[in-house]
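Me: I have a structure open on my screen and a list of "why is it called that?" questions. Could you take me through them?

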Amino acid sequence: MMSLVVALFETFNIAVMLPFLYLFLDNGTQPAEQGHLLAAINKALDIIPVQNRFLSATVLIISVVILKSILKLLNEFFI
């Protein structure tokens, strides 16, 4: 079960990069139609108390990577 959670965070780790890429490629504009995952990531970016969108995307990426690493270590410990 824990392996499944770690795999989901691996996928989420890649999905979190999308807003970061939009900042570089499209000058910060978001696509007109967003899926549920991208909309949730954008809401998470809005919750982070940083004025700059680039910094909030960076904080979100670092947070997800740290959380994924902790879950991966716990998974290895319990196996």
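What follows is a friendly exchange about the labels used for this predicted model.

Me: To begin with the overall layout, how many helices and strands does the secondary structure of the chain come to?

Reply: There are four helices and zero strands. Along the sequence the pattern reads α-α-α-α.

Me: And how do you know what confidence the predictor has in the chain?

Reply: The mean pLDDT of the chain is 83, and 89% of its residues reach 70 or more. Among the elements, helix α4 (residues 53-78) has the highest mean pLDDT, 90, while helix α2 (residues 17-25) has the lowest, 78.

Me: Lys-68 caught my eye. Why is Lys-68 called buried?

Reply: Buried means under 20% relative accessible area. Lys-68 has 12%, so it counts as buried. This lysine lies in helix α4. Leaving aside neighbours within four places in sequence, Lys-68 is in contact with Phe-9, Glu-10 and Asn-13.

Me: Is Leu-71 buried or exposed, and what makes it so?

Reply: Leu-71 is buried: its relative accessible area is 14%, and the cut-off is under 20%. Leu-71 is also placed in helix α4. With neighbours up to four places away left out, Leu-71 is in contact with Met-2, Val-5, Val-6 and Phe-9. Take Val-5: Leu-71 and Val-5 are 66 residues apart in sequence, yet 7.9 Å apart in space, C-alpha to C-alpha.

Me: What about Phe-12, why is it called partly exposed?

Reply: Partly exposed covers what falls between the buried limit of 20% and the exposed limit of 50%. Phe-12 has a relative accessible area of 26%, so it belongs in that middle class.

Me: Phe-12 also has an aromatic partner. Why is the pair of Phe-9 and Phe-12 called edge-to-face?

Reply: Planes over 60 degrees apart count as edge-to-face, and ring centres must lie within 6.5 Å to pair. For Phe-9 and Phe-12 the values are 6.5 Å centre to centre and 85° between the planes, so the label edge-to-face applies. Both residues lie in helix α1 (residues 2-15), three residues apart, about one turn of the helix.

Me: And what makes Phe-77 and Phe-78 an edge-to-face pair?

Reply: Their ring centres are 5.2 Å apart and their planes meet at 70°, so this pair is edge-to-face as well. Phe-77 and Phe-78 are both exposed. The count of aromatic pairs comes to two.

Me: Now the interior. Which residues make up the largest nonpolar core?

Reply: This core has ten residues: Ala-15, Val-16, Phe-20, Ile-41, Leu-45, Ile-48, Ala-57, Leu-60, Ile-61 and Val-64. The elements giving two or more residues to this core are α3 (36-47) and α4. The largest share, four residues, comes from α4. As a general background, nonpolar side chains in soluble globular proteins tend to be buried together. One member, Ile-48, touches Ser-56, Val-59 and Leu-60, not counting residues up to four places away in sequence.

Me: How do you know that the buried residues of α3 line one face of the helix?

Reply: The buried residues there are Leu-38, Ile-41, Asn-42 and Leu-45. Seen down the axis of α3, they fall within an arc of 100°, so they line one face. On the other side, His-36, Lys-43, Asp-46 and Ile-47 are exposed. The cover over the buried residues of α3 includes α1, α2 and α4.

Me: Why is the span of α3 called close to the one expected?

Reply: α3 has twelve residues and reaches 17 Å from its first C-alpha to its last, set against 16 Å expected at 1.5 Å a residue.

Me: One last helix: what puts the buried residues of α2 on the same side?

Reply: Pro-19, Phe-20 and Tyr-22 are the buried residues of α2. They cover an arc of only 155° around the axis, which puts them on the same side of the helix. Phe-24 and Leu-25, on the other side of α2, are exposed. What covers the buried residues of α2 includes α1, α3 and α4.

Notes
Residues are numbered from 1 along each chain as its sequence is written. This is a predicted model: local features need pLDDT of at least 70, side-chain atom pairs count only at pLDDT 80 or more; totals for chains, interfaces and linings use all residues. Side-chain values use heavy atoms; hydrogens and water are left out. Rings of Phe, Tyr and Trp (its six-membered ring) pair if their centres lie within 6.5 Å; planes under 30 degrees apart count as stacked, over 60 as edge-to-face and the rest as tilted. Buried means under 20% relative accessible area, exposed over 50%, partly exposed in between (1.4 Å probe, protein chains only). pLDDT is the predictor's confidence in each residue, from 0 to 100. A nonpolar core is a set of buried Ala, Val, Leu, Ile, Met, Phe, Trp, Tyr and Cys residues joined through side-chain atoms within 4.5 Å. Contact means heavy atoms within 4.5 Å. The expected span of a helix is 1.5 Å times one less than its number of residues. The arc is that of the directions from the helix axis to the C-beta atoms.
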